[in-house]
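Reader: I'd like a close look at one part of this model, the place where two helices pack against each other. Could you walk me through that contact, and then add a bit on the empty spaces elsewhere?

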Amino acid sequence: MHITYLLATGSNAVYDGKYSHSGRYHTYGQQSFVLDLIRTMSRAGHTVRLNVDTLSSLALASTFRDTDSVTVTEEIDPSGKTDLILVDEVPDEMLMQFDEHVPAFRIVHHAGRRSSDYLVSRCSRFLCMTENALSLQRRHLPADRAVLVHQGVDLERFPAVLAKSGGRRPRVLLYCRLDSGREALLGQIIENIDRDEVLVYVVGEGPGFWDMSDRFGSEIILINHIPCQSIPNLLGEMDVVISLGRGAMEAMATGIPTLCAGHHYAGPITADNMASLMRYNLTGAVSDRDPSLVMTDIREALNRDRREVRALAEERLSADAFLEGVSDLYAQIAA
């Protein structure tokens with residue numbers, strides 16, 4: 001299949017123009033999603049043309065440089081062969097350049113954000129990655145347009161690391177943007193972590209960064225940004241990860257025992273609670289676990305079998321399964 005992927009890189013619409021870094025946007029979950037999906041599509045034998053509006057702002061450009069089946073360009077070629085258009089966050093004008101007979105699927109990153117009237121009329125499917133997004137999108141989309149296709153991570157990019165770090169103190173990584181109220185929760189969590197017993201890393205950027213530095217800077221390792229291409233290397237050095245969304249998915253794919261913290265603290269992600277947590281993208285949105293229990297949760301996580309964590313990721317969090325869902329929807333449309 002010849003797939004055209006449309007992505008705006010000059011405005012960072014998902015995060016309202018935030019997180020510019022030296023001329024490039026680092027958009028956390030969105031870029032990781034794009035990277036994993038395109039790698040998975042290429043590995044499955046599809047040809048991918050990634051059309052962006054501002055090539056110099058794309059932090060992933062070099063990643064695809066040596067992949068023969070992937071072209072990254074600002075030049076839109078409506079005359080080229082395209083079987084399916086995947087529409088990420090883009091101006092309507094990018095999609096308008098293609099013939100309307102070419103099927104287009106809209107990727108929904110923001111669960112409740114409404115698409116333009118043009119996208120609603122043009123896109124035959126809206127790919128919702130959580131049950132919450134599906135419910136919210138169905139409020140304003142035509143019947144059957146919104147469909148549930150759970151996102152996943154590239155299990156080859158995040159290979160299982162089954163050995164512990166082996167350091168004097170176990171390594172605990174808090175991997176989360178420090179804004180939108182998350183910084184307050186992460187502050188509570190760090191307060192309840194025994195920083196003498198474990199070595200704490202915090203990776204995240206936002207208004208809470210300097211407050212985190214002022215409060216805990218001498219006791220933790222604080223980093224404001226790591227490119228998503230490098231994240232597999234960081235995760236592989238950790239013993240426990242505290243994260244949400246794709247950060248939690250990536251940690252579990254690596255086999256690292258993972259605690260869920262985002263909107264609220266939900267504690268360990270297990271086979272028993274994963275389905276309910278995934279409804280809100282592993283953000284702990286409706287959870288009420290007390291953050292004071294985090295040290296108990298960390299100690300239990302350190303004894304967890306990493307093979308069990310990886311197996312759960314393979315079952316529930318594979319980008320291959322997402323691509324299969326997209327391919328099945330395309331087959332229905334093409335028929």
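Author: Here's the helix contact, followed by a cavity and a pocket. Keep in mind that this is a predicted model.

The two helices are α1, covering residues 29-43, and α12, covering residues 319-334. Their axes sit 9 Å apart and cross at an angle of about 70°. Angles from 65 to 115 degrees count as roughly perpendicular, so that's the label α1 gets relative to α12.

Who's touching whom? On the α1 side you've got F33, D36, L37, T40, M41 and R43, and they meet A319, D320, F322 and L323 of α12. Sorted by class, this contact of α1 with α12 comes out as six nonpolar residues, one polar and three charged.

Now zoom in on the rings. There are two aromatic pairs in the model by the rule used here, and one of them is F33 with F322. A pair like this is described by how far apart the ring centres are and by the angle of the planes. For F33 and F322 the centres are 5.5 Å apart and the planes are at 85°, which makes the pair edge-to-face. F33 belongs to helix α1 and F322 to helix α12, so the pair ties together parts that are 289 residues apart in sequence.

On to the empty spaces. Rolling a probe the size of a water molecule over the atoms shows where such space is left. The count is three cavities of 30 Å³ or more, and the second largest holds about 60 Å³. Its lining is made up of E89, R106, I107, V108, H109, H110, R113, S115 and Q137. Strand β7, residues 104-108, gives the most to that lining, with three residues. By class, the lining of this second largest cavity has two nonpolar, four polar and three charged residues.

As for pockets, the second largest has about 150 Å³ of space. It's lined by 13 residues, and H2, T4, T47, R49 and K81 are the closest to its centre. Strands β1 (2-7) and β4 (47-52) each supply at least two residues of the lining. Split by class, the lining of the second largest pocket has two nonpolar, seven polar and four charged residues.

How values were computed:
Residues numbered from 1 in each chain as written. Predicted model: local features only at pLDDT ≥ 70, side-chain atom pairs only at ≥ 80, totals over all residues. Heavy atoms only, no water. Axes fitted to C-alpha atoms, helices over the stretch in contact; angles between N-to-C directions. Helix = DSSP H or I, 4+ residues; strand = E, 2+ residues; numbered from the N terminus. Parallel < 35°, antiparallel > 145°, perpendicular 65-115°, else oblique. Contact = heavy atoms within 4.5 Å. Nonpolar A, V, L, I, M, F, W, Y, C, P; charged D, E, K, R; others polar. 1 Å grid on protein atoms, 1.4 Å probe; cavity = no way out; pocket = protein on both sides within 12 Å on 5 of 7 lines; lining within 4 Å. Points joined across faces, edges and corners; volume = space filled by probe spheres on them. Phe/Tyr/Trp six-rings, centres within 6.5 Å; stacked < 30°, edge-to-face > 60°.
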